[in-house]
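Please open the model in your viewer and keep the sequence panel beside it, since each stop on this tour begins with a selection.

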Amino acid sequence: MELSFPDIEGPVAQRGIGIIAPFDLALERELWRWAPMEVSLHLARTPYEPVPVSLAMAELVSNPAHLTTATRDVLHVEPEVVAYLCTSGSFIKGLEYERSLRETICAAGALDAVTTSGALLEAIRHLDITRLSVLTPYDEVLTGKLHEFLGEAGCSVIRSDHLGLGGGIWKVNYRTIAERIVGANDPQAQAIFVSCTNLPTYDVIEPLEQALGKPVLTANQLTMWACLGRMKLPMMGPGKWLLNVF
């Protein structure tokens, strides 16, 4: 039997981003919405820990040994960059610890490394932002650690709000998130940062940026932006202030 195929090119050659996610990540679909057609995401998770979202959990999921193992789990498919997709785990111990997490990932074999909090710092430096409003889903203690991290980087938190959730962060609806972002906004803040890669934000960014007239920076957005920038690829999705930064 002779088979005849039409002239078809493809599939599109894929370029990879390795993703190290906390064990409770539930927003893989949102993450893929930031990816261009030619980019694949290769996911590894940190081990399950029977603790609520808290400072203790952030310390557990940022254990360098876990990041080393997860990095090695994705290396076989040759990602161009590996991202530690966790805001709290990358800000809890300050700037030096964030840098050390990237060094850990590279020492495990990654060509390049990004963390979510490191991506936040890159964005505010590129956009010359020194005054932020902040919204987090965390408790007061963990939110305070984010304030300290930003302060160490020379960025003041003008106003802040937190949801106080110990779990199920991915279940928060867009209306609640949008209302709390608006409530956290301050006229003196140059931008708003919405923390946590498990808090859905994709579809609220553009309308809120239009309404507030300032950048609305979110955890998954910034992580993917930093990865794509290292790959010399344009940013996808909402967030007009970041479109031509890299």
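A residue is called buried here when its relative accessible area is under 20%, exposed when that value is over 50%, and partly exposed in between. With that scale in mind, and remembering that this is a predicted model, begin by selecting arginine 180, whose relative accessible area of 30% makes it partly exposed. Its side chain meets that of aspartate 161 in a salt bridge, with 2.6 Å from N to O. Aspartate 161 belongs to strand β6 (residues 156-162) and arginine 180 to helix α8 (residues 174-184), so this pair ties together parts that lie 19 residues apart in sequence.

**The two domains**

Now colour the chain by domain, taking 15-119 + 221-231 as domain 1 and 127-218 as domain 2. To the contact between them domain 1 brings 26 residues and domain 2 brings 28. If you place a marker at the C-alpha centre of each domain, the two markers will be 20 Å apart. The size of an interface is often given as the accessible area lost when the parts come together. Between domain 1 and domain 2 that buried area is about 2,300 Å², with carbon and sulfur atoms giving 65% of it. Select Val53, Phe91 and Leu95 next, for these supply 27% of the area that domain 1 buries against domain 2, more than any other three residues.

**Across the interface**

Which residues form the salt bridge with closest N and O atoms 2.9 Å apart? Select aspartate 203 and arginine 33, which make up that pair; between domain 1 and domain 2 the count is one salt bridge. Polar contacts across this interface involve eleven residue pairs. To see the side of domain 1 that touches domain 2, show the helices α1 (28-33), α2 (55-61), α4 (87-91), α5 (94-107), α6 (116-126) and α10 (219-230), each of which supplies at least two residues to it. The largest share, four residues, comes from α4. If you colour this side of domain 1 by residue class, you will find 14 nonpolar, eight polar and four charged residues.

**Asparagine 220**

Move to helix α10 and select asparagine 220, which counts as buried because its relative accessibility is 1%. Its side chain makes a polar contact of 3.1 Å with the side chain of glutamate 30, and the side chain of asparagine 220 also reaches the backbone oxygen of threonine 197 at 3.0 Å. Leaving aside residues up to four places away in sequence, asparagine 220 touches Leu27, Glu30, Leu31, Trp34, Leu85 and Thr197.

**Helix α6 and two backbone angles**

Select α6, a mostly covered helix in which nine of the eleven residues are buried; among them are Thr116, Gly118, Leu120, Leu121 and Ile124. Continue into the loop between α6 and β5 (131-136), where aspartate 128 lies. Is aspartate 128 buried or exposed? With a relative accessible area of 58%, aspartate 128 is exposed, and its phi is near 55°, a positive value in a residue other than glycine. Most residues other than glycine have a negative phi.

For a second example, go to the loop between β7 (191-194) and α9 (202-212) and select cysteine 196. Phi of cysteine 196 is near 95°, again positive in a residue other than glycine. Cysteine 196 is buried, however, with a relative accessible area of 11%.

**More salt bridges**

By the rule used for this model, the count comes to eleven salt bridges. Select glutamate 80 and arginine 15, whose closest N and O atoms are 2.7 Å apart in one such bridge. Glutamate 80 sits in the loop between α3 (64-74) and β3 (81-84), while arginine 15 is in strand β1 (residues 15-21), so the pair ties together parts 65 residues apart in sequence. Both count as partly exposed, glutamate 80 at 28% relative accessibility and arginine 15 at 27%.

End the tour in helix α5, where glutamate 103 and arginine 99 are separated by about one helical turn, because they are four residues apart. These two also form a salt bridge, and the model places their closest N and O atoms 1.9 Å apart. Glutamate 103 is partly exposed at 42% relative accessibility, and arginine 99 is partly exposed with a relative accessible area of 30%. Add Glu96 to the selection, and you will have the network in which salt bridges that share partners join Glu96, Arg99 and Glu103.

Conventions: Residues numbered from 1 in each chain as written. Predicted model: local features only at pLDDT ≥ 70, side-chain atom pairs only at ≥ 80, totals over all residues. Heavy atoms only, no water. Domains from an automatic or database assignment. Contact = heavy atoms within 4.5 Å. Buried area = accessible area lost by both parts, 1.4 Å probe. Salt bridge = Lys/Arg side-chain N within 4 Å of Asp/Glu carboxyl O. Polar contact = N/O pair within 3.5 Å; in protein donor to acceptor, adjacent residues only side chain to side chain. Nonpolar A, V, L, I, M, F, W, Y, C, P; charged D, E, K, R; others polar. Buried < 20%, exposed > 50% of the residue type's maximum accessible area, 1.4 Å probe, protein only.
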